[in-house]
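Let's take a walk through this protein, one piece at a time. Have the picture open while you read.

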Amino acid sequence: MGQLRKTGKRRRRGARIALLGAIVAAALLAQPYAKDAWHMLGLQIERLGGPAVSDEAIGLEPSENGPAPGGSAIGDAGGVEASEGADAARADDTRQDDPGEGGQDDPEALGGRGEAEGETGEGGRDDSEALSMSDEAEGEDGEAGEDGGEDGGRAEAEPAGRQWEPVPQPKDYGYREYQDLYPELYASRPAEWSSSDMTVFLTFDDGPTAHTGQALDTLRDKGVKATFFVVGSSVRKLGPEGKDLLNRMVDEGHSLAIHCDVHDYRRIYASVEAFLADFNAAYELIYEATGVHADIYRFPGGSVNSFNGPVRDELIGEMERRGFTYYDWNLTAGDSSPNLTADSAYSNAVSKAGRKSRIILLMHDTKKQTVKALPRIIDRYRELGYSFECLTNEDKPITL
Ligand SMILES: [Zn+2]
């Protein structure tokens with residue numbers, strides 16, 4: 001009986017693997033729907049006993065996978081089932097490796113899905129909800145924030161309802177040899193984190209690129225501060241202009257944060273040591289260019305992804321031990337979609353506006369259409385009474 005059950009299980013497992021394969025194939029054939037396929041793939045992986053990936057993470061992760069600069073450099077052949085889908089998705093996106101250079105913006109004329117995280121049509125339709133909502137993701141009671149932070153930025157008047165709470169101690173994994181690596185790679189972890197209602201953090205990943213200057217122009221014109229999760233290879237690709245853009249971010253009051261040096265999931269997540277090596281390279285590049293010791297970061301692919309399962313907890317523990325704080329997101333502009341338009345970037349980016357009190361919005365300054373939509377995105381949040389802030393390590397993280 002046990003044997004039978006086992007066989008049955010194996011059959012079901014086989015069927016699921018076949019289904020998984022079909023989904024990957026479908027994803028390749030139907031690029032516009034790749035994100036959905038990704039989502040289904042993630043669910044299948046989870047059922048197969050693969051890495052437990054949260055529903056939200058699966059929905060969001062392709063946004064991160066998409067514009068992966070450097071992704072094409074990984075010549076993966078085969079690999080475990082759980083990774084193949086991701087490799088395939090990435091292979092599809094290799095044209096996005098050179099933001100601003102390639103034709104990745106060209107096929108974007110078709111309508112976007114207008115959907116972020118499977119919440120089509122729910123987005124931000126009711127302004128009146130803006131001032132009395134509760135934040136479903138974080139259990140924050142949404143007292144109304146005022147719009148005192150019109151110009152955003154920490155130097156502005158504090159938004160009402162700011163709350164502070166103790167920062168938890170990092171989990172102690174005991175001594176590991178990698179703790180001795182990069183003795184300069186430490187940040188000062190604050191004692192308390194703050195959070196306030198009606199706040200939106202605009203965040204840009206994967207740049208700087210040829211589109212970043214325009215994003216900075218918009219932010220300056222609108223008086224809004226944002227956070228840039230920088231990729232070292234993107235900086236190098238731009239030559240001297242790359243460092244100029246980093247300095248402009250600093251000079252104009254934005255937060256400089258680390259994304260990675262080379263956006264190569266397999267390499268970065270191969271081990272804690274590998275992650276540290278990549279992180280340190282980006283950390284040093286930013287410091288040498290700007291004099292800023294970045295102390296916040298965002299994991300490529302988000303903190304929950306198909307590549308970091310075996311090292312995730314230890315990695316987070318080590319980074320916390322060193323004082324660095326990571327930030328995921330709870331809303332995305334969905335701007336890795338091959339069908340991205342400025343309209344779809346806009347509708348995705350404001351899809352929770354008015355329904356969620358504290359938003360970390362994931363966008364990519366690798367995307368012309370996102371940058372094009374930025375003024376409207378800012379106007380919409382402002383209209384609903386949100387304050388704009390840039391992330392510092394005193395802001396309570398939102399994690400997947
Ligand atoms: Zn990224």
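Right after helix α12 comes G385, and its phi is positive, near 95 degrees. Keep in mind that what you're looking at is a predicted model.

Now step back into the helix itself. Helix α12 covers residues 368-383, and at 1.5 Å a residue its 16 residues should span 22 Å; the C-alpha atoms at its ends are 24 Å apart, which agrees. There is a bend along the way, though: α12 turns by about 45 degrees at L374, and a proline, P375, follows within four residues.

Which residues of α12 are buried? They are K368, Q369, T370, V371, A373, L374, I377, I378, R380 and Y381. A handy rule for reading such a list is that an α-helix has 3.6 residues a turn, so residues three or four places apart point the same way. As for what lies over the buried residues of α12, the cover includes β3, α5 (212-222), α11 and β9.

That last strand deserves a visit. Strand β9 (residues 358-364) has seven of its seven residues buried, so it is largely enclosed by the rest of the structure. In a regular strand the side chains alternate between the two faces of the sheet. Both faces of β9 are covered: I359, L361 and M363 are buried on one side, while R358, I360, L362 and H364 are buried on the other.

Who are the partners of β9? Here are two strands that pair with it.

| Strand | Residues | Bridges to β9 | Direction |
|---|---|---|---|
| β3 | 199-205 | seven bridges | parallel |
| β8 | 331-332 | two bridges | parallel |

You can find these pairings residue by residue: T199 sits opposite R358 of β9, and T332 sits opposite L362 of β9. To get from β8 to β9, the chain passes through helix α11 (residues 342-349), and this β-α-β crossover is right-handed.

For a contrast, look at E241, which belongs to helix α7 (residues 240-251). Is E241 buried or partly exposed? E241 has 15 C-beta neighbours inside 10 Å, so it counts as partly exposed. Its C-alpha atom is 9.2 Å from that of T209, although the two residues are 32 residues apart along the chain.

Finally, zoom out to the whole protein. Its secondary structure comes to 12 helices and 10 strands. Of its 400 residues, 49% are buried. Among contacts with a separation of 6 or more, 82% are between residues 24 or more positions apart.

Terms used: Residues numbered from 1 in each chain as written. Predicted model: local features only at pLDDT ≥ 70, side-chain atom pairs only at ≥ 80, totals over all residues. Buried ≥ 20, exposed ≤ 12 C-beta atoms within 10 Å, placed from the backbone. Contact = placed C-beta atoms within 7 Å. Pairing = 2+ DSSP bridges. Right-handed = clockwise from strand over helix to strand, strands pointing away. Expected span 1.5 Å × (residues − 1). Bend = angle between axes of the 7 residues up to and from the residue.
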